[in-house]
Amino acid sequence: ASEGDANILQNPAWTTSLGQPVAARPYGMPSQYESQLLRRESPGLARVGGASVSFAPLQGLFGIITPSGLHFERHHQGWHDIDPSKHRLMVNGSDDSLLKKAKVYTLDELMRLPSASRIHFIECGANTGLEWGNVAVPTVQYTHGMLSCSEFTGVPLKYLLDDCGVDYKKARYVLAEGADGSSMTRTIPMEMVESGEVMVAYGQNGEMLRPENGYPLRLVVPGVQGVSWVKWLRRIEVGDQPYATKDEAVHYIDLLPNGLHRQYSSVQEAKSVITTPSGGQTLLDHGFYNVSGLAWSGRGKIKQVDVSFDGGINWQTARLEGPIQNKALTRFNINWVWDGKPAILQSRAMDETGYVQPTYGQLRKVRGTKSIYHNNAIQSWKIIESGEVSNVQVL
Ligand code: MTE
């Protein structure tokens, strides 16, 4: 055939030959043609890979679940593949009057206890942290990729505290400690634990946690910045006051314009981002596009997402793909016909408390430009006539 699509007119090899046998790959892998969809490290971000971060490729993901192999990673002292038969979780009190009996659990013991499975997002407090002053990175992978969402399975922490006979009148805080060398310890207010949402998780997306994400045990603290989701969890201590550990007194705090630091801003406020089209991509031609993105809030469910195609002058309400879950990513989609002229695409999330995601102008008025953490400003993607998409900031 001299004309027409050879891919239709000729029989490809795979229609005339035998395929691979079952279990050729006992653990399934993505197609070889998807080999560019990877988590990536931003060169120069940290001098030591073991104290760095790799970003999830949000531009290539669908729906709300992050495949476990593409979940972002943030380690302060590298990751370990811990032998579960040697891992222990200890629950104790800062003083003995706070609970009846300190206990040590093996993984097998924990897995016998009543379990729950829930879908939640995890976002590092430093996500979008490079963009406080101006545009710094080109793609959504680097602007927003310290974000992932999984179905976590585990034991509600409240169950373990009840099992140890914690006195909730006195014990108002929990300290979570990891088994890695980073001395990662975080204070969690007891109200969060009492709500039943905080979990000691061993499962992620239907299988055991991946080593990079805390195998065999991690804390899940829905809505709260990632640093509190202590990986390789080995100890929970109940106490009667916040612990002010190094990772909460010096790091993960907000520098305000007046030079003061704000501590314990742990809940991730409502935020959203368009993932397709996004920075670094090129539109094929003018015409129809499905514009798609993610929205989330640490305070509950996403109520509405509006999208602008003209840099925030006019807004249209996007379709939210249900079921909309508590403290989970929510996928939004909206139809768009590109007329081939320059455009600026933005999304703005509103959560069930009525909180609306701020513009850069609004956020900087309160927070200045020199912070690292908790940047939830509206993201803008500029499209020029050639179809190229780039990262810009609109006040
Ligand atoms: N827990 C331990 N033990 N050590 C760590 O370095 N990093 C924290 C948190 N828990 C960390 C940890 C930070 S800063 C984040 S953002 C999340 O884990 C990242 O989780 P992930 O690597 O599963 O994406």
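1. Start with Phe 72. One of its backbone N or O atoms lies 2.6 Å from an oxygen atom of the ligand. Bear in mind that this is a predicted model. Distances here are computed from its atoms.

2. Arg 218 also reaches a ligand oxygen. Here the contact comes from the side chain: a polar atom of Arg 218 lies 2.7 Å from an oxygen atom of the ligand. Trp 229 meets a nitrogen atom of the ligand instead, with a backbone N or O atom at 3.2 Å. The protein buries 100% of the 530 Å² that the ligand exposes when taken alone.

3. Where does the ligand sit? The space it takes is the largest cavity.

4. Now the shell. There are 22 residues around the ligand. Those that come nearest are Phe 72, His 76, Asp 180, Arg 218 and Lys 231. Phe 72 and Arg 218 have already appeared above, through their contacts with ligand oxygen atoms. By class, the shell is mixed: 9 residues are nonpolar, 7 are polar and 6 are charged.

5. Look next at salt bridges. The structure holds 20 of them. One pair worth finding on screen is Lys 158 with Asp 162, whose closest N and O atoms are 3.1 Å apart. Both residues belong to helix H4, which covers residues 157–163. They are 4 residues apart, about one turn of the helix.

6. Check the backbone at two prolines. Most peptide bonds are trans. The bond from Tyr 215 to Pro 216 is cis, with omega near 10 degrees. Pro 216 is in the loop between strand S11 (207–208) and strand S12 (218–220). Arg 218, with its side-chain contact to the ligand, falls within the residue range of strand S12 (218–220).

7. The other proline to inspect is Pro 277. A cis peptide bond joins Thr 276 to Pro 277, and omega is about -5 degrees. Pro 277 is in the loop between strand S16 (271–276) and strand S17 (287–296). Thr 276 is thus numbered at the end of the S16 range.

8. Is phi of Tyr 252 positive or negative? It is positive, near 60 degrees, and Tyr 252 is a residue other than glycine. Most residues other than glycine have a negative phi. Tyr 252 is in the loop between helix H6 (246–249) and strand S14 (254–255).

Technical notes
Residues are numbered from 1 along each chain as its sequence is written. This is a predicted model: local features need pLDDT of at least 70, side-chain atom pairs count only at pLDDT 80 or more; totals for chains, interfaces and linings use all residues. Side-chain values use heavy atoms; hydrogens and water are left out. A residue is near a molecule or strand if one of its heavy atoms lies within 4 Å of it. A polar contact is a pair of N or O atoms within 3.5 Å; within protein, one must be able to donate a hydrogen and the other to accept it, and residues adjacent in sequence count only if both atoms are side-chain atoms. Accessible areas come from the Shrake-Rupley method with a 1.4 Å probe; for residues, only the protein chains shown count as cover. On a 1 Å grid over the protein atoms alone, a cavity is a set of points where a 1.4 Å probe fits but cannot get out, and a pocket is an open set with protein on both sides within 12 Å along at least five of seven lines; lining residues have an atom within 4 Å of a point. A molecule sits in a cavity or pocket if more than half of its atoms lie within 2 Å of its grid points. Ala, Val, Leu, Ile, Met, Phe, Trp, Tyr, Cys and Pro count as nonpolar, Asp, Glu, Lys and Arg as charged, and the others, Gly among them, as polar. A salt bridge is a side-chain nitrogen of Lys or Arg within 4 Å of a carboxyl oxygen of Asp or Glu.
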